Structure formats: C-alpha cells, structure tokens
Amino acid sequence: MNLSIPISGTFIKVSNKCNLNCRFCPLQVCKESSFEDFLNKLKRIPSDSNIILSGGEPFVRKDILSILENISRLNLKTFISTNGRIFFYKDLTRRLSKSVSGVIYSLFLPDEKLYYKITGTKEGFNQSYTGLYNIVKLSDLIVEIRYPLTEETIRRIDELLKLMDKIKTRKNLYIVLFLPSVMNNRKSIENIFKNWSEYYKIILRLKRSFQVYFEDLPVCLSGGEVIDSRKRFDIEDSESAVCPFVNNTIETKKSLECSECLDDRICRGVPLSIPDAILPEILKPSKGVRSNSFDYMLIREYDQIPSPERPCTVYKMFKFDEPERYVLIRDNKKSQLYYTDTESFSSDEIRETKLTRQQLYLDVSKKDALDDFQKDILQLQTNKYCSSCEYIKKCPAFFERTEDIPFEREERWIRQEIKRLVGRVLDIGCGDMRFYKDIINDLLKREIIEYYGIDVDEKALERLKSDIPKAKIIKSTIEDFKFQTGYFDYIFSLRSLNHFYDMKRAFDKICDLLRNSGMVIIADTVVFALLRHYDKVLKVRRSKRPVFEHYRNWSSEQLIEFLRENNYPFKLDTHKPVRNGTSNQWIVKLMKIERV
Ligand code: SF4
Ligand code: SF4
C-alpha cells in the first residue's frame, strides 16, 4: 500500500454535486452512483490499492460517512479530494481524520475576492482556509494543496506565500502547482510562461518551507520536481468526469529544444497549449553530450519458440512491461532473446529505433571495438509476419538479417558528391578524413579544389596534415571559425552536425561563409542499437568509460525543421532521410539562396 507523497491512486467519483458553483464545472450533467453501485465499484478495486474519493464535493453526499465506514472494512487506503469547507467544523474534522489517510485540497485560492470570482461562493474562502488550518492542527493526515496556475492566480502567488506562512510547515503537507484544463486559454498560458522567471522567484521562496511539486510541467521550468498526472491518478470509470481541478491529465508536446536536452528522457515536455513561437524563449534545455547508441545483449536462448506465422501467439509468451526493450532473433533452429538495460534513452526513443526506423545491427565481428561498419555488423529487419502484426508493440518480435551491406548506399552517394567538388571547399569536422582522403587528395593534385578542413581534434589534424600536405587545416569549431564572408563554394559536414554545440551560431556562420548559390552537404546519423553477446557487452563496459560527443541525435527532418523555423536562406536540393530499410545515416544537400 502506497502512503508516500505525492498521493497517488484511483479516483472514484462519489458525488456530482458540489457546495461551490464554479461556472465551468462539467459535473452537474453527470450521473451520481447509488450507494449499492458504489459498493460494487469498490469490489472491483484490487485490495492494497489507494482510492481517492472525488466529486463534485464528496462531503455533500448524505451517506458519505457510511461509505467511509464500508471502505474501512476493505483493505484500501482512502484519500478524499475536497474543497475542504467541511473541515471548518472541528468536531467533524477530528472524526473524519480517523476514516481517511489524506486529503487533496482540490481548489486552493489565495484570497477571498478571487475565490468568490471563481467559485461564486462567498463564505467558501474563509471555511476552506480555516478548514486547512484545522486539519493541519488536529490531524496528521497527508495534505495536498492543489494551487491552479492561471493568469490571475499566478499573479497572486505571493498571496499564497503569505497564507502558507501562517500555516507553517509540517510533515506530509505539500503543494502541487498545476495548469488546470479549465480557466486557461492560449493567451493566458502565453502570459503565464512569458513571465515565468519572475513568478518562479516567488515559488522558490515557497519552496524554502514547503515541498512544491509541478504537475505535468516541464523539468526545465520547475527545478526538477515534476510529477506526471498520468502516473499518479487512474480514473475508475473513464466516462465519468471528476472535478477538473484534480483530474488534470493534460497533453504535452516536445519541441526542437527538447531534442538537445539531457532531461528529455524523464520530461513529458510542455503543455500542448503553450504556443510554439514562445518555446525557444522560455525553455531552458539542460545541454550536454549524450550517447547515440545502445546495446541489446543476448540473455536467453530457446529451442521451441514457434516461427511467427498467422495466427501467431508468440506475444503471449512474453509479458514484459517494456516490450521495446526485447528483441528476438532466430539463429538456426534456436531463438535468441536480447534485452537492453539502457537508461540513456526513453521508451519512445527505444521504440522508434527498434520499430519505426529499425536501426538494429547485429555484431558479427570478433572485435570489442568495431572499426569497419560495413563488415563488422549486419543490419536487422522485422520478419515479414511481425512487420504487419497488430501485436508488434506488445511483443519482442522476430528480427532477421538483411542482405544489404550497411551504409554502402549512403557512402556511395557521398563519395560521388565529393568527386564532383569544384572550387573553394570547407570541410567542417574533417577529422583525419579516413573515408574520402583519396578523392580529396586527387582533386587537390589536379588543382580542382582549394580545401580547408576544420576540427578540434589536434591529433587527427596532425595526421591529415602529413597525409594531405596541400590541405589547409585549422583547429577550430564552426561556431568560432573566422573567415572571409561568401568565400566558399561548397561546405560539407559529414557526421559532425550533431557535435555542433550551438546550432544557431553554427548555421549563422555557415550562411556567412557560403556564397550565394553555394552548396551545403550534411550527413549525420540517428540513434542505433547494437545486438551483442552479453559477455562482450560487459567486457566493453568494464574496459572503458564511454566517451559521448553528441549534443543531439537529430534526424534530417529535425534539421530541415530547424532551418525553416529560423528562416535560413536555403533551398532543399536532396533529402535522403533515415527510414526502415536504410542505414542510420541521413543526407541533406542545400543550396544557399539570396535573402528576399
Ligand atoms: S527543454 Fe524540453 S525536455 Fe528539456 S526540460 Fe524543458 S521541456 Fe523538458
Ligand atoms: S510480433 Fe511477430 S512474433 Fe510477435 S506475435 Fe506478432 S507475428 Fe508473432
């Protein structure tokens, strides 16, 4: 049984009536359960669960005390979501506090005027506030204060601070700030978040005395104390609305900024209603280097898993919580089960890598460190039955080796492009140019190109200098590279874009250095997974600490979106995205056009 804070559990609506009169409340039109129906509902709840009695206002129900008595006979922990007016009465407070484990103050407003404006009820504020004071003094119940964030309430957040100062801190009393799905429109949400840093200073003062949680808000706006309403609350009957101040399950979205954020894995993103245009201004991604691959390790072999055929029941054999973390491969007559324990990627990212893009590679080398991706690995694809199976998201699913040599197609295209280079060329992140040295050397010898390579890896630059003496090599990032405006005919960046620290500074510089009608060629990779034997994974992990160099794992689509959103003057010439069936390398070729 879970008595930890914040409170979590299953909502059961006990009343559709309320002693407040909030103008937007949808509950008046809902049906109220009879006492018998309610007892039947209770029987469906597994013992050891937490239940949250909700309304409307549960305490307007005349038989609420009998309901509580019945619940106390079951092995359930009961919480009540209430506006708290009932606790104005001290005797009732003492009595009720013996029947429940905690109270959610579903609507807590900081002053009488605002309370009246929202609830249409004059004496409510005094009763609710005195009720809170009583419950804090007369009981040791868990108390959650839910403070809605609207344009008006956030402006009065200092009033909440004053009010809470009078209550004083106490164990098991905490505050949840949330964006109610009612009372907010796009404009008000925009206003709340545009001034968020000012409001947050007051919230920080509140945090000195109280535990403050932020429900469904982004990690970067809340100092990390985020709670996910989807994981806290279940609604017993999804068709039965509960008070909109507790049932706050809101939809969220991620932005391009999130794709550069290390908290992306644990953050739900921003509420859908925050306009995209203000996201770059308000979001504060926590930037840092990250991995661009993860391992699936061989953990079991089976002799008797049937081949996937219609109708297939393999998914029933594996009831895993996160099926995307498992993969099946058939090797001769055996079936091998692989598992990933990665914590660097969210379930969505793992699923995208496994199922949407299918960037899974089987390590067939004897080496610990792979250095020839065309020979050391084989690309895998879902078996034809699995790819059209409705249960694929619930199943490890069978993957098979493909005939294609990984990366060959994309590499061939890139080599052709490099052979066609003419004029002044800038190579961003040239390294020691392992794969194209022969072509560049040849073009330089024939004086077809003037080549500049920039990188920050001194050793690689030394090697390049001695291998291609005619190349002009400079140690620099693209962001800090200083050179003549409009000098270059071609700029290319092969597997370096995701290493740029600041995409805006990098592309401002690229635009500045490239002449009009000059071309940019960019190739980079999305996340991939390597399937290896368990022993090999452990050996590699023990032998060296991973060195991460990627600030993001952007796809070509994300790059194109970034260029469009920031109005960079490029026309798309060629786009080779990563798809199921391609390698994990994408290519984008752009032409610089004159700004209108
Ligand atoms: S930048 Fe995006 S992923 Fe990162 S904390 Fe903010 S909303 Fe969450
Ligand atoms: S995904 Fe494949 S193995 Fe799993 S149930 Fe479907 S057909 Fe069978």
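## Charges over rings

R552 sits over the face of W554, 5.5 Å from the ring centre. Keep in mind as you look around that this is a predicted model. A second arginine, R424, lies over the face of Y487, and here the distance to the ring centre is 3.9 Å.

## Aromatic pairs

Let's turn to rings that meet other rings. The structure holds 33 aromatic pairs. One of them joins Y315 and Y391: the ring centres are 3.8 Å apart and the planes stand at 15 degrees, so this pair is stacked. Y315 belongs to helix α12 (residues 314-317), while Y391 is in the loop between α15 (384-387) and β17 (398-401), so the contact ties together parts 76 residues apart in sequence. Y315 is buried, with 17% relative accessible area, whereas Y391, at 25%, counts as partly exposed.

Y452 and F483 offer an edge-to-face example, with 5.0 Å from centre to centre and 65 degrees between the planes. Strand β19 (residues 449-455) carries Y452, and F483 lies in the loop between β20 (472-475) and β21 (488-494), so parts 31 residues apart in sequence are tied together. Y452 is buried at 8% relative accessible area; F483 is partly exposed at 28%.

Ring pairs also build a cluster, made up of Y302, F318, F320, Y326 and Y339.

## Around ligand 2

Y315 turns up again here, as one of the residues surrounding ligand 2. The others are P308, C312, V314, C386, C389, I392, C395, A397 and F398. By class, this shell has 10 nonpolar residues, with no polar and no charged ones.

Conventions: Residues numbered from 1 in each chain as written. Chains lettered and ligands numbered in written order. Predicted model: local features only at pLDDT ≥ 70, side-chain atom pairs only at ≥ 80, totals over all residues. Heavy atoms only, no water. Near = heavy atom within 4 Å. Nonpolar A, V, L, I, M, F, W, Y, C, P; charged D, E, K, R; others polar. Phe/Tyr/Trp six-rings, centres within 6.5 Å; stacked < 30°, edge-to-face > 60°. Helix = DSSP H or I, 4+ residues; strand = E, 2+ residues; numbered from the N terminus. Buried < 20%, exposed > 50% of the residue type's maximum accessible area, 1.4 Å probe, protein only. Lys NZ or Arg CZ within 6 Å of the ring centre and 35° of its normal.
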